[in-house]
Amino acid sequence: MTITTTGRPRPDGPGPQRARSRRAGLRRPRLPRLPHRRAAGAARTRAGRHLHGGPLTYAVLSLFTAGSLFPLVWTAVTASRDNARLARTPPPFWFGTRLAENAGTAWTEANMGLALLNTLFVAGTVALGTVVFCTVAGFAFARLKFRFSGALLLLTVGTMMVPPQLSVVPLFMVIAELKWTDQLQSVILPTLVSAFGVFFMRQYLLEALPHELVEAARVDGASSLRVIWHVVFPVARPAMAVLAMLSFVQAWNDFFWPIIALTQENPTVQVALTGLGRGYVPDQSVIMAGALLGTLPLLLAFTLFGKQIVGGIMRGAVKG
């Protein structure tokens, strides 16, 4: 408390009325809420909720799902019947009791165990080689400067316009000279690199790999191999997952070149299935059972690794 010139005591600090008036003066005026502010608040409120489609959306999705699953279900239905029932009209629309018997017959007659192992080895090797070599080539075309790079890229893309049937005769002559007929390397090496994979990785790395990141690695003293291993591969991982999936499925389902280079003694799945259609009256139920056995590994792979593949694609699509 202090003494004023008039002799009246004055308390230290502002009085309660003056403090209230000062706080009232510092208080910000309340602005009216605008429509866009209300919309933004509502969007933030809905951000954590799941969006639900209407009945028409679910009906269309169900229709497309049923259409996609119909070939697989029909294969299983025909594989569980016999030839006599399949020849009747109308055809069967539900499962029978001969699925295990027909699958066992197809497994024995087509040497399906060896065919599955060979196909798994061929498809896995082709997918791995395609991913590695196409990523390195795509990085070279995207970020390295060398002479005639544009002409080489056009030449690489131009090979996709050549029908594969035109290269069968010279390719088979090379395989025969190397004595690789009926051996798995004759199927692996011609498909170890694809022009589509090189172009695909080049386009992806042009957008996803900044030039400054490569230059920073060069300044730190990294060699070309180290740049590829520690910079290019981590950046290109989502695209590599997509390319590996496409290459694996294509190699698994490839029929044209394996039927020429391989025989029934050392087949892939598609070559082995041709052995089930022999005879005067082919047993359609056994053929369908073999096709079902050849499809199950792909379904199992997509069931186990589907989330990882889709997650890699989404990580590559969303930036920030």
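**Figure 1. Leu299 and its nonpolar surroundings on helix H16.** In this predicted model, Leu299 has a relative accessibility of 34%, so this leucine counts as partly exposed. Helix H16 is the element that holds Leu299. Look around Leu299 and you will find a nonpolar surface patch of about 630 Å², to which Leu69, Leu72, Val73, Trp94, Phe95 and Leu296 also belong. Two helices, H3 (55-79) and H16 (284-317), each bring at least two residues to the nonpolar patch. Helix H3 has the largest share, with three residues.

**Figure 2. The salt bridge of Arg98 and Glu101.** Here the side chains of Arg98 and Glu101 come together, with 3.5 Å from N to O. The structure has one salt bridge, so this close-up is worth a pause if you plan to check charged pairs: by the 4 Å limit, 3.5 Å qualifies. How accessible are the partners, Arg98 and Glu101? Arg98 has a relative accessible area of 28% and is partly exposed, while Glu101, at 47%, is partly exposed as well.

**Figure 3. The cis peptide bond at Pro90.** Most peptide bonds are trans. In this view, however, Thr89 and Pro90 are joined by a cis peptide bond with omega of about 5°. Pro90 sits in the loop that runs between helix H4 (83-86) and helix H5 (99-109).

**Figure 4. Asn111, a positive phi between two helices.** Most residues other than glycine have a negative phi. Asn111 is not a glycine, yet its phi is positive, at about 55°. The residue belongs to the loop between H5 and helix H6 (112-143). With 34% relative accessible area, Asn111 is partly exposed.

**Figure 5. Lys179, a positive phi on an exposed loop residue.** Is Lys179 buried or exposed? Its relative accessibility is 66%, which is why Lys179 counts as exposed. Phi of Lys179 is positive and near 60°, in a residue other than glycine. You can find Lys179 in the loop between helix H8 (168-177) and helix H9 (185-188).

**Figure 6. The protein chain as a setting for the close-ups.** Stepping back, the secondary structure of the chain amounts to 16 helices and two strands. Of its 320 residues, 28% are buried. The accessible surface is about 21,700 Å², and carbon and sulfur atoms account for 66% of that area. Among contacts between residues at least 6 apart in sequence, 69% connect residues at least 24 apart.

Note on methods
Residues numbered from 1 in each chain as written. Predicted model: local features only at pLDDT ≥ 70, side-chain atom pairs only at ≥ 80, totals over all residues. Heavy atoms only, no water. Patch = residues over 30% accessible without salt bridge, like charges linked within 9 Å, V, L, I, M, F, W, Y side chains within 5 Å. Areas by Shrake-Rupley, 256 points an atom, 1.4 Å probe, with all protein chains shown as cover. Helix = DSSP H or I, 4+ residues; strand = E, 2+ residues; numbered from the N terminus. Buried < 20%, exposed > 50% of the residue type's maximum accessible area, 1.4 Å probe, protein only. Contact = heavy atoms within 4.5 Å.
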